[in-house]
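Reader: I'm new to this one and would like a close look at a single part of it, the largest pocket. Could you walk me through that spot and whatever surrounds it?

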Amino acid sequence: MNKTFLLICFMLLLAIKTAAQSSNPSITPASPKPKTKEDLFKDMPQDMNMPEEMRVRMAIERADNEHRKVLADVDKLNELSTEVAKSFQERGSLSADEMKKLGAIEKLAKSILSKSGGEEVDDKTGRIEKMTVADAVNNINTAAAAIKKTMTTETRHVVSAAVIESSNDIINIAQFLRHAHKSN
């Protein structure tokens, strides 16, 4: 009886040891050269050896910096759209300089859209093709002002459907104006 008991205990221990080794192997192949302390830190992610609180603070700081960049893009978008609207009101047409600004406006709107968590959507209603150039320029200016108002009043934690919709409107209208200008 004692021999069987000892044999069963020995087999259980052997099975447990084998299972532990297979699920968490501690044997690693030998590397050709020993790693130095600098090599170990170089291979680790930067945040790996920092305390949790410091990693959280760094993540918050990165998110705040990213939000500040988006706000700078929003300001630039609003500024450019105001310039294009003012120039169109004075001249009654869009010059080559305004076309370049419309390209920059479209690029900024795409950046704001992607950073706001939205996706670019084409205008399926056909309302943009029915707009006059004056209406299109006014709509870009209005949408840019709406984006600026929403982005400056909300925190970075808010994903605004209005910002996404206005950004898509700006992109579609800017593309329409640029294509309409090329055909003229």
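How much space lies in the largest pocket?

Author: About 230 Å³ lies in there. Keep in mind that this is a predicted model, where local features need pLDDT of at least 70 and side-chain atom pairs pLDDT 80 or more, while totals for chains, interfaces and linings use all residues. Residues are numbered from 1 along each chain as its sequence is written, and side-chain values use heavy atoms, without hydrogens or water.

A pocket here is an open set of points on a 1 Å grid over the protein atoms alone where a 1.4 Å probe fits, with protein on both sides within 12 Å along at least five of seven lines; lining residues have an atom within 4 Å of a point. The volume is the space filled by probe spheres set on those points.

So who lines the largest pocket? The lining is made of 15 residues, and H67, K115, M151, R156 and V158 lie nearest the centre. By type, the lining splits into 6 nonpolar, 5 polar and 4 charged residues. Two helices, α3 (52-91) and α5 (133-153), each put at least two residues into that lining. Helix α3 gives the most, with 4 residues.

Let's step back for a second to see where those helices belong. The protein chain has 6 helices and 0 strands (a helix being a DSSP run of H or I, at least four residues long). Read from the N terminus, the order is simply α-α-α-α-α-α. Of the chain's 184 residues, 29% count as buried, meaning under 20% relative accessible area. As for contacts (heavy atoms within 4.5 Å), among those in the protein chain between residues at least 6 apart in sequence, 76% join residues at least 24 apart.

Now back to α3, the top contributor to the pocket lining. At 1.5 Å a residue, its 40 residues should span 58 Å, and its end C-alpha atoms are indeed 58 Å apart, so the two agree. That expected span is 1.5 Å times one less than the number of residues. Several residues of α3 are buried, among them H67, D73, L77, V84 and F88. H67 is also one of the residues nearest the pocket centre. Just after α3, G92 takes a positive phi of about 85°.

D73, in helix α3, is a good stop. D73 counts as buried because its relative accessibility is 18%. Beyond its neighbours within four places in sequence, D73 touches L108, S111, I112 and K115, and K115 is another of the residues nearest the pocket centre.

Further along α3 you reach V84. V84 has 3% relative accessibility, so it counts as buried too. With neighbours within four places set aside, V84 is in contact with L94, E98, K101, I105 and V137. There's also a pairing across sequence: the C-alpha atoms of V84 and N141 sit 8.2 Å apart, although 57 residues separate them along the chain.

One last stop is R127, found in the loop between α4 (96-115) and α5. R127 has a relative accessible area of 35%, so it is partly exposed. Not counting neighbours within four places in sequence, R127 is in contact with N139 and D169. Its C-alpha atom is 10.0 Å from that of I173, which lies 46 residues away along the chain.

Technical notes:
Nonpolar A, V, L, I, M, F, W, Y, C, P; charged D, E, K, R; others polar. Buried < 20%, exposed > 50% of the residue type's maximum accessible area, 1.4 Å probe, protein only.
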